[in-house]
Amino acid sequence: MKRLALLVPVIAMVTLTAQPSRANEGVFLRSLAGAWAGTGTVKVRTDARPIKVRCRFESTATTSSLDLNGKCTGLILISRAINSHLVSGGHSRYTGTYTGAGTGVAGLMGTRRGDAIYLEVRWAKNVNGDRSAQMILQKIGDNGLKLSTNDVDPKSGKLVSTSEINLRRSAPR
């Protein structure tokens, strides 16, 4: 279930234009702290059928960093620990690490625009024919969080959604 790692959540190495101050980054990051639970789908490969998953995460934040730690379970027997650590370098730029795909620690780099952090994922090993994917962590209102990943299908060359997890704030575990 290597692609379960694509959850963290997600993705995108897109360069964006909005550049809020470091203080704004701290407010945004702290708004993501807490316990989260939800469901979604994950594809093991770009051409695979989606697997339904249930996920729980604990998120801690400071004015300059975000740690998201949790677990997603699918098909009753499959479970994967997922961890990400993001650090704000100011001007809405982020770097960090992601663990959960089963390929080792992946590097993350990207920017925030509005209520979403768009990250480029650099896998430790090839996934779907290369080592890159996109990840998006998007705040939805006060109590929603969407984690998604996209990857290029090596056969068609098209961008494919490989995971989408929709979370709601929940009581701490």
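**Strand 5 and its neighbours in a ten-stranded barrel**

Tyr 94 of strand 5 has Gly 110 in strand 6 as its bridge partner. The model is predicted; local features need pLDDT of at least 70, side-chain atom pairs count only at pLDDT 80 or more, and totals for chains, interfaces and linings use all residues. Residues are numbered from 1 along each chain as its sequence is written, and side-chain values use heavy atoms, with hydrogens and water left out.

The chain holds 1 helix and 10 strands. Helices (H or I, at least four residues) and strands (E, at least two) are DSSP runs, numbered from the N terminus. The order of elements from the N terminus is α-β-β-β-β-β-β-β-β-β-β. The 10 strands close into a barrel in the order 1-2-3-4-5-6-7-8-9-10, with antiparallel pairing. Neighbouring strands of this sheet are turned by 25 degrees against each other on average, direction ignored. Axes here are lines fitted to C-alpha atoms, for helices over the stretch in contact, and angles run from 0 to 180 degrees between N-to-C directions. Two strands count as paired if DSSP finds at least two bridges between them. Strands of a sheet pair through backbone hydrogen bonds, either parallel or antiparallel.

Of the 173 residues in the chain, 48% are buried. Buried means under 20% relative accessible area, exposed over 50%, and partly exposed in between (1.4 Å probe, protein chains only). The accessible surface of the chain comes to about 8,100 Å². Carbon and sulfur atoms account for 53% of that surface. Accessible areas come from the Shrake-Rupley method with a 1.4 Å probe; for residues, only the protein chains shown count as cover.

Strand 4 (78-88) and strand 5 (residues 93-99) run antiparallel and are joined by 6 bridges. Asn 83 is paired with Thr 99 of strand 5. The hairpin of these two strands has 4 residues between them, and Gly 90 there takes a positive phi near 85 degrees. His 91 lies in the loop between strand 4 and strand 5. His 91 is not a glycine, yet its phi is positive, about 50 degrees. Ser 92 belongs to the loop between strand 4 and strand 5 as well. Its phi is near 60 degrees, again a positive value in a residue other than glycine. The two residues part ways in exposure. His 91 counts as exposed because its relative accessibility is 51%. Ser 92 has a relative accessible area of 1%, so Ser 92 is buried.

In a regular strand the side chains alternate between the two faces of the sheet. Strand 5 shows such alternation. Tyr 94, Gly 96 and Tyr 98 point to one face and are buried. Arg 93, Thr 95, Thr 97 and Thr 99 point to the other face and are not buried. Thr 97 is partly exposed because its relative accessible area is 36%. Thr 97 touches Asn 83, Ser 84, His 85, Val 105, Ala 106 and Leu 108, residues up to four places away in sequence not being counted. Contact means heavy atoms within 4.5 Å. Thr 97 and Val 121 are 24 residues apart in sequence, and their C-alpha atoms are 8.7 Å apart in space.

On to strand 6. Strand 5 and strand 6 (residues 106-113) pair in the antiparallel sense over 6 bridges. Their hairpin has 6 residues between the strands, and Gly 100 takes a positive phi near 160 degrees. Strand 6 is joined to strand 7 (residues 116-127) by 7 bridges, again antiparallel. Arg 113 stands opposite Ala 116 in strand 7. In this hairpin, with 2 residues between the strands, Gly 114 has a positive phi near 65 degrees.

Strand 7 and strand 8 pair in the antiparallel sense over 8 bridges. Val 121 has Ala 133 of strand 8 as its bridge partner. These strands form a hairpin with 2 residues between them, where Asn 128 in the turn has a positive phi of about 55 degrees. Strand 8 (residues 130-140) and strand 9 (residues 144-152) are antiparallel and share 7 bridges. Met 135 is paired with Thr 149 in strand 9.

One ring carries a charge above it. The charged end of Arg 112 sits over the ring of Phe 28, 4.3 Å from the ring centre. A charge sits over a ring if NZ of Lys or CZ of Arg is within 6 Å of the ring centre and within 35 degrees of the ring normal.
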